[in-house]
Amino acid sequence: MATTTRTDEPDAALSVREVSLRFGGITVLDGVSFDAPRGGILGLVGPNGAGKTSLFNCISGHYQPTAGSILVGGTETVRTPAWRMAKLGLARTFQHPALRLDASVLENVMLGAHSWMPGGPVAWSLRLPSTRRHEREARARALELLERTGLGWAAAIPADELSHGLHKGVELCRALLSRPRLLLLDEPAAGLSHGEVEQLIGTVREVRREFDLTVVVVEHHMGLISALTDRVVVLDHGAKLMEGTAAQAQSDPRVVEAYLGKEVGADESA
Amino acid sequence: MATTPTSTARAASTSRSGSTSRWRGIAFVGVLAVALVVAPLVSSPYVNYQLSSIAVFAVAILGLNIVMGYTGQVSLGQSAFLGLGAYIAAYGILHGWPGPLTLLLCAVVPAVVGMLVALAAARLRGLALAMITLALPIVGVPLARRFDDFTGGSQGQVVSWLRAPESTGLANDQWRYYVVVLIAVVAFVLARNLVRGRIGRSFAIVKENEAVALSMGVSPYRTKVLAFTIASLLGGVSGFMYLAIVQYTSPETLVFATSINLVAAMVIGGSASIIGTALGAVYYVLVPVLAGQVNSSRTALISGAVLLAVLFLLPAGLVSLPRRLARLRSSTRRPHPSAPPTTSDEATHRASAPSATTDQHS
């Protein structure tokens with residue numbers, strides 16, 4: 001990885017420092033710190049309610065952390081509004097893909113081009129040549145991404161005619177069209193069939209290499225975490241429990257305890 | 001996945017249907033253009049007045065559709081901007097301003113007012129936003145009565161203007177028709193361009209899901225302010241057009257009931273649809289006229305019955321009528337109207353199976 005490191009960028013595409021998040025009296029995140037090395041795939045795991053999605057929302061700017069600091073590509077972003085994060089090269093997907101069901105798959109994906117397409121309302125209502133050129137470029141790239149993820153055939157179809165698994169693929173294409181440097185995937189395998197998970201793993205690996213992406217993935221599917229990630233960060237009750245490879249995490253007694261409870265964990269290891 | 005035969009077949013079929021629909025579109029626009037040009041020459045002044053009214057309210061509904069239909073923000077104040085535009089036009093004409101400058105101010109001043117309101121109100125959602133917009137006509141009517149130096153008070157302003165130039169050989173009603181229809185056509189073309197590209201997609205995602213909008217680089221707040229500003233601008237322009245054909249404005253122009261009727265017309269024509277907007281304007285103007293001819297003492301009742309009937313039979317508005325009919329026809333003939341013309345490929349199954357079920361249910 002050292003060979004691909006550019007001098008103008010820090011080694012960590014994402015750096016989370018002592019991030020805490022409180023809603024009223026409830027502590028959702030408690031001083032979480034980790035780095036996502038550039039070009040890597042980092043898994044964020046933990047039992048339900050551990051604070052994984054809340055941490056995602058802090059990184060993507062949807063929540064503002066109560067304390068701590070988050071650096072995306074070396075830029076402090078805690079006070080940056082969520083809608084400016086796309087310009088900083090951050091894209092994310094959601095647990096439940098939110099597509100415009102009445103619109104075509106292509107139209108859904110093309111939203112991803114919003115952050116790099118120039119032109120305000122006047123330019124677009126006059127259909128200036130530059131807007132038409134950008135529209136053509138976005139369409140071509142969107143179609144290319146759909147072809148890559150095996151969804152080329154669906155471009156003209158309304159999104160509501162596709163299955164849940166395919167919605168996830170469309171959402172991934174939408175996120176990739178924004179030309180991200182850092183991609184956050186929130187439970188990408190939830191609700192997917194075995195074959196679809198296999199395909200997803202292949203796709204994520206491929207696009208990571210090709211677009212020189214850093215990927216952070218929240219996931220329950222341990223198969224996907226083992227197959228995909230270089231490192232995992234385990235959260236429990238809003239705090240970091242451990243950090244290591246997926247294999248280390250699965251054999252760590254603290255992680256087993258967090259997932260299964262103390263007594264059961266003790267019985268099993270006995 | 002064996003997508004190659006499927007995708008080529010589909011690509012071929014889309015390009016084929018794409019070119020047919022383009023020719024159909026060009027033919028439609030051509031016929032419409034001829035009809036719009038010829039109509040006033042062969043119609044009575046009364047019919048021309050009604051046709052001009054359709055153009056006026058089409059622009060008001062167009063603005064409403066941008067903010068409500070496309071962006072999903074409830075606005076109950078469109079009549080206030082229509083009234084504001086009409087008053088500015090009346091003031092300008094009575095003070096001898098040139099027509100184009102008056103039109104420009106009728107667009108810019110309501111747009112600025114709308115933007116200022118939206119900058120404060122767009123942080124609110126749903127009912128709270130609706131209440132703020134509701135206040136505009138409610139506050140506007142007494143203001144219009146009070147500031148009689150500017151508005152002529154309760155009597156309103158009679159403005160006699162926009163006479164047909166001698167050289168054209170047109171009657172006044174024909175000349176005014178051409179003026180308002182030209183403005184409406186320009187407004188519709190610009191709005192259609194706007195809702196198709198980058199800005200249109202940002203409107204649509206703010207309506208659909210603000211969290212996704214944020215993650216894709218769209219600021220919901222700015223998008224709502226923009227949509228509301230455009231709606232106010234078009235409302236003001238429709239006020240100019242209103243004064244052009246009615247030659248009179250009073251506090252009645254901006255009453256709240258007009259806003260509600262505009263919303264109803266927008267929904268009936270077709271929310272988030274440009275053609276639906278035009279159909280909504282036709283409904284807005286013609287149904288009360290026709291209902292009055294059926295029974296002049298039951299106009300409101302008949303209009304209400306038509307409203308309910310349309311909403312019940314066509315929840316997506318009049319614009320969905322052809323689609324609805326096509327679907328009814330094909331569901332009685334063939335079960336798989338939208339299936340791609342290919343062999344039984346995995347992809348084909350995925351694409352066609354859900355559409356077949358929708359057809360059975362509808």
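Reader: In which sense do strand β3 and strand β9 of chain A pair, and over how many bridges?

Author: In this predicted model, strand β3 (residues 41-45) and strand β9 (residues 231-236) of chain A pair in the parallel sense, over four bridges.

Reader: What is the bridge partner of A:Leu44 in β9(A)?

Author: The bridge partner of A:Leu44 there is A:Val233.

Reader: What is the strand order of the open sheet in chain A?

Author: The order is β6-β7-β8-β3-β9-β10 of chain A, which makes an open sheet of six strands with mixed pairing.

Reader: And which are the edge strands?

Author: They are β6 and β10 (239-244) of chain A, and each of them pairs on one side only.

Reader: By how many degrees are neighbouring strands turned against each other?

Author: On average, neighbouring strands of this sheet are turned by 20 degrees against each other, with direction ignored.

Reader: Which strands does helix α1 of chain A touch?

Author: Helix α1 (residues 52-59) of chain A packs on the sheet and touches β3, β6, β7 (182-186), β8 (214-218) and β9 of chain A. The direction of α1 makes about 150 degrees with that of β7(A).

Reader: What about helix α9 of chain A; which strands does that one touch?

Author: Helix α9 (residues 253-260) of chain A also packs on the sheet, where it touches β9 and β10 of chain A. The angle between the direction of α9 and that of β10(A) is about 135 degrees.

Reader: Changing topic: what domains does the assignment give for chain A?

Author: It gives domain 1 (1-89 + 180-270) and domain 2 (99-178). Taken over C-alpha atoms, the centres of these two domains of chain A are separated by 27 Å.

Reader: How many residues does the contact take from each domain?

Author: The contact takes 13 residues from domain 1 of chain A and nine residues from domain 2 of chain A. On the domain 1 side, helix α6 (residues 194-211) of chain A gives the most, with five residues. By class, that side of domain 1 has seven nonpolar, four polar and two charged residues.

Reader: Now the two chains: how many residues of each are in contact?

Author: There are 36 residues of chain A in contact with 32 residues of chain B.

Reader: Which elements of chain A give two or more residues to that side?

Author: They are β6 (90-92), α3 (121-125) and α4 (129-148) of chain A. The largest share, three residues, comes from α3(A).

Reader: What is the make-up of that side by class?

Author: The side of chain A that touches chain B has 18 nonpolar, twelve polar and six charged residues.

Methods:
Residues numbered from 1 in each chain as written. Chains lettered and ligands numbered in written order. Predicted model: local features only at pLDDT ≥ 70, side-chain atom pairs only at ≥ 80, totals over all residues. Contact = placed C-beta atoms within 7 Å. Nonpolar A, V, L, I, M, F, W, Y, C, P; charged D, E, K, R; others polar. Domains from an automatic or database assignment. Pairing = 2+ DSSP bridges. Axes fitted to C-alpha atoms, helices over the stretch in contact; angles between N-to-C directions.
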